[in-house]
Amino acid sequence: MIEADDPRRDDVRALLARHLEYAIATTPPEGVYALDLDGLLDPAITFFSYRLDGELLAIGALKQLDDDHAELKSMHTAQAARGRGIGREMVEHLIAFARDRGLARISLETGSMDSFAPARSLYSKAGFLPCGPFGAYPGSPTSSFMTLDLGAVPHPYPHR
């Protein structure tokens, strides 16, 4: 079940630490844009967790950039839960949440390296398209930027 959550919870902090460790291990320091706990406590961020029988399996967040635009942040699925469609469910939830808020667009930054190919594939299947840097992001060869026009795609997974 996906619900709004507090990133200060112990199990969330542990999964967030793994998320940050992965970002730091696979990306040059100047290209790591993953949020730490303090970053996730920003009032512009709505943080979610996916739990099954109380076990934390994934996290994700939306950061409101302006009245029409949000950024997908801190998407991470626990290693043991990968390949079960949980990441897809989290992306669907974040898109639905953005739509419910009346947003027109969601954008994201992820790595351009091979290790981030599964993430880029997930976002692409949800309807996100490549775009240029947005917000305060500089252009970088280690970043891939994607955006989803919420008015252009009625539902990212029509088979559901």
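What follows is a walk through strand E4 and its surroundings in a predicted model. Local features are taken where pLDDT is at least 70 and side-chain atom pairs where it is 80 or more, while totals for chains, interfaces and linings use all residues. Residue numbers start from 1 along each chain as its sequence is written, and side-chain values rest on heavy atoms, with hydrogens and water left out.

Strand E4 takes in residues 69-77; helices (H or I, at least four residues) and strands (E, at least two) are DSSP runs, numbered from the N terminus. E4 is largely enclosed by the rest of the structure, because 9 of its 9 residues are buried. Here buried means under 20% relative accessible area and exposed over 50%, with partly exposed in between (1.4 Å probe, protein chains only).

On one pairing, E4 meets strand E3 (residues 55-64) in the antiparallel sense, over 6 bridges; two strands count as paired if DSSP finds at least two bridges between them. With 4 residues between them, E3 and E4 make a hairpin, and Ile59 sits opposite His76 of E4. E4 also pairs with strand E5 (residues 105-111), this time parallel and through 3 bridges. There, Ala70 stands opposite Ile106 in E5. Helix H3 (residues 86-100) joins E4 and E5 in a right-handed β-α-β unit, right-handed meaning that, with the strands pointing away from the viewer, the path from the first strand over the helix to the second runs clockwise.

Helix H1 (residues 10-26) comes into the picture through Leu15. Leu15 counts as buried because its relative accessibility is just 1%. Beyond its neighbours within four places in sequence, Leu15 is in contact (heavy atoms within 4.5 Å) with Leu56, Leu57, Ala58, Ile59, His76 and Ala78. Its C-alpha atom lies 7.9 Å from that of Ala58, although the two residues are 43 apart along the chain.

Now for the backbone oddities. Most residues other than glycine have a negative phi. Ser74, in strand E4, has a positive phi near 55°, and Asp53 has one of about 50°. Asp53 belongs to the loop between strand E2 (45-52) and E3. The two settings contrast: Ser74 is buried at 6% relative accessibility, whereas Asp53 is exposed at 80%.

Next, the empty space. On a 1 Å grid over the protein atoms alone, a cavity is a set of points where a 1.4 Å probe fits but cannot get out, and a pocket is an open set with protein on both sides within 12 Å along at least five of seven lines; lining residues have an atom within 4 Å of a point. Grid points are joined across faces, edges and corners, and a volume is the space filled by probe spheres set on the points.

The largest pocket holds about 910 Å³. Of its 36 lining residues, Met75, His76, Pro118, Ala119 and Tyr123 are the closest to its centre. H1, E4, H3, E5 and helix H4 (117-125) each supply at least two residues of that lining. By class, the lining has 16 nonpolar, 14 polar and 6 charged residues, where Ala, Val, Leu, Ile, Met, Phe, Trp, Tyr, Cys and Pro count as nonpolar, Asp, Glu, Lys and Arg as charged, and the others, Gly among them, as polar.

There is 1 cavity of 30 Å³ or more. The largest cavity has a volume of about 30 Å³, and its lining includes Thr46, Leu62, Ala70 and Phe97.
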